[in-house]
Structure formats: structure tokens, C-alpha cells
Amino acid sequence: MLTTKDFDFDLPEELIAQTPLEDRSASKLLVLDRETGAIKDKHFTDILDELSEGDALVMNDTRVLPARLYGTKPETGGHLEVLLLKNTTGDQWETLVKPAKRAKVGTEIEFGDGRLKAVVLEELEHGGRIIEFSYTGIFLEVLESLGEMPLPPYIKERLEDSERYQTVYAKENGSAAAPTAGLHFTEDLLEKIKAKGVEIVFLTLHVGLGTFRPVSVDSIEDHEMHAEFYRLSEESAETLRKVKANGGRIVAVGTTSIRTLETIGTKFNGEIEADSGWTSIFITPGYQFKVVDAFSTNFHLPQSTLVMLISAFAGREKILAAYQHAIDEQYRFFSFGDAMFIK
């Protein structure tokens, strides 16, 4: 039985990328052959060489909300930080509040000049709160004026351009974090991929609380994933079915795309169907992949569910060996870091 510590590795802090590269596609690319364990050091633009005519490249078009809000309690002046995770119904949101002990049920919070107000409706575990907003106008416009991009806690530098934490194809508002494997793609690179005869296919998965929650149990079987909303359109499903039928590969960009495709493959016995809903799929070694044939991804945190997912695809030993190689070769890690291509 695998434990969380089986997915641990020592990462020098200086390898955690603090800022994005000036050119999105200038990152390094580690290519891993999951059959042989062979590793090649390349540049991200070389992903063109890893894709073949007739393949489908599947990308998550979610857009990150400026989901971090700083508010005060009008009765005491106490400060609270609120991170929006998902819209549950109407103007109610599941959030993370810090410090949570100051946010009891009934607590009122005001943001900015009072154009946005909230009240705590329900207390959840791990500092989670259901809160209901009240405002004048359009919520997303109010949020754009008051909210900040919710960068992960390991990024200490200020992000000068918030669009650098969005993919160039981001469209569907709703994420609490970026699908960072997609940050390496430029419009120019996508055009070259299309010109090679590769189908570009979009799906949506809104990245939520699972991204921020570490695995806090010893046995990975005891970890519970947080549900995230996904959608695959009929047009995208039809394209993927044709690619499969013609012998092409389904190449996912990032773990969010993998989780969406494998949720659908599991639900429909290996078939690709248009679908939407909430997924809490937890992919660990022993899982049999039903849809995805290869993927690109960034380098993930030690002991994270994402390291477990890619280990399910390529084998834990090969992944940990590749990560050690990346550390030895000074690859940049996490959200603004370099990438892997696993085939």
C-alpha cells in the first residue's frame, strides 16, 4: 500500500520559479518515455516534434477569476482574506477565509468602498466558508475592480501582468488557479501545431480547492479530492472520437485536462461523450487510463495528488527519477516553471 511519503522528493527552494519567463514558450521541456524511462532535455517549442499529424491536443480553456479579496468586518474593523473557490448557487460561493476563526456564521464582511458585501452562511472544514455576496451591478465587473489574482503561496514575487497567470486561450471564467501546463503556449506555437495537422480541442475544468489542499493523510487511499466542475462539448467529443477512430493520440495539456477526460472515460466505459458535471476523480498508481495517450504537464509539489496522477501514468520510480534529473539540471518548478512531456 502506497503512502503519501512514497511521493516525496527534496526540492531546493531556489528552483521554485517566482516569475514567468518573458517568452511563454522559452521554457525547458523534459521528455519522458514511460516505457523505457528514457529522458531527453529539450525546449518547449520542441513539443512540435512530439506531436504527429492526426493527434488531438486537448486544452483547458478555464479562466482564473481575480478571486482573492481583502475585506473588513464593519463592526470591529478586523481584516479578513477571502479566496473564492466555486459558485454554488446564485450569489453564494464556497470560499477559504483567513483567519477562519474571525468568520463565524452571521459575520458580515465589506470589501473596498462597500460596493461588495458578504455574510457568512455556513462553516466548512479547513477554513472553508459558504458566503453570500450582495452588490450593485455585474458581479464579475465588481470582482475585477476589487479582487487580486490568487497566486499560489509558494510564489512570493508580485506578478506585474495578471494575464501571465492566464493561458492565451483562457475563456470560461471560474477557476481559483490557472491550469499552468497551458501557460507555455503562445498563439504562434498553436498556429504551428495546427499547421502540422494536429486538432486543437478545448474542454473546461474550473480549478478549485483541491489545488490548495495538501494531502494530509498517510495512506493515499484515505485522501478525499474536492469536486470541480467540468464540461466537454459535443463538438469536442466528436473530434476526439474521430481522432481515436483514425489511430491518432489524445494528448492532454495538464492534469486538469487529464482528469476531465478520464472522468468521462470512466463514466462511459472508455467512450468519449459530451458531458458536464462535478468530478472528484483521484488518479493514483494502479489506475488504468481510458482516454489519454500522452500529455504535457508542469513539475508538481512533493507528496501532491498531481505527482500521484503522473506516477499512475508513467510509474512512480520513473517519475521520481525524472524529477531528480530535473533538479540536477536546474529545471524551474511549479506554476511558472518548466514542463514535461510524458509519452
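In this predicted model, K117 has S134 of strand 10 as its bridge partner. The two strands involved are strand 9, residues 116-123, and strand 10, residues 128-135; they run antiparallel and are joined by seven bridges.

Both strands belong to a closed barrel of six strands, which runs in the order 5-6-7-10-9-8 with antiparallel pairing. From one strand to the next, the twist averages 45 degrees. Helix 2, residues 139-146, packs on this sheet and touches strand 5 (68-72), strand 6 (79-89), strand 7 (92-98), strand 8 (108-111), strand 9 and strand 10. The direction of helix 2 makes about 100 degrees with that of strand 9.

**The open sheet**

A second sheet is open and has nine strands, in the order 2-1-17-16-14-3-12-13-15, with mixed pairing. Strand 2 (39-43) and strand 15 (275-279) stand at its edges; each has a single partner strand, so one side of each is left without a neighbour in the sheet. The twist in the open sheet averages 25 degrees from one strand to the next.

Within the open sheet, strand 1 (residues 28-32) and strand 17 (residues 339-342) run parallel and are joined by four bridges. Which residue of strand 17 stands opposite L30? The residue is M340. Helix 4, residues 234-245, lies across strand 3 (56-60), strand 12 (199-205), strand 13 (228-232) and strand 14 (250-253). Helix 4 runs at about 135 degrees to strand 12.

**Domains**

The domain assignment divides the chain into domain 1, made of 4-64 + 161-342, and domain 2, made of 68-148. Taken over C-alpha atoms, the centres of domain 1 and domain 2 are 31 Å apart. Ten residues from domain 1 and nine residues from domain 2 take part in the contact.

**Cavities and a pocket**

Rolling a probe the size of a water molecule over the atoms shows where empty space is left. The structure holds two cavities of 30 Å³ or more. The table gives the volume and the lining composition of both cavities and of the second largest pocket.

| Space | Volume | Nonpolar lining residues | Polar lining residues | Charged lining residues |
|---|---|---|---|---|
| Largest cavity | about 100 Å³ | four | six | three |
| Second largest cavity | about 30 Å³ | six | one | one |
| Second largest pocket | about 420 Å³ | eight | three | nine |

The largest cavity is lined by 13 residues, of which P20, L21, R164, L183 and F336 are the closest to its centre.

The lining of the second largest cavity consists of M225, R259, I281, F282, I283, T305, L306 and L309. Helix 6 (residues 305-314) gives the largest share of this lining, with three residues.

The second largest pocket has 20 lining residues. Which of them are the closest to the centre of the pocket? These are E148, M149, L151, L159 and S162. Strand 4 (62-64) and strand 5 each supply at least two residues of the lining of this pocket. Both domains contribute as well: the lining of the second largest pocket draws at least three residues from each of domain 1 and domain 2.

Terms used: Residues are numbered from 1 along each chain as its sequence is written. This is a predicted model: local features need pLDDT of at least 70, side-chain atom pairs count only at pLDDT 80 or more; totals for chains, interfaces and linings use all residues. Side-chain values use heavy atoms; hydrogens and water are left out. Two strands pair if DSSP finds at least two bridges between them. Axes are lines fitted to C-alpha atoms, for helices over the stretch in contact, and angles run from 0 to 180 degrees between N-to-C directions. Contact means heavy atoms within 4.5 Å. On a 1 Å grid over the protein atoms alone, a cavity is a set of points where a 1.4 Å probe fits but cannot get out, and a pocket is an open set with protein on both sides within 12 Å along at least five of seven lines; lining residues have an atom within 4 Å of a point. Grid points are joined across faces, edges and corners, and a volume is the space filled by probe spheres set on the points. Ala, Val, Leu, Ile, Met, Phe, Trp, Tyr, Cys and Pro count as nonpolar, Asp, Glu, Lys and Arg as charged, and the others, Gly among them, as polar. Domain bounds come from an automatic or database domain assignment.
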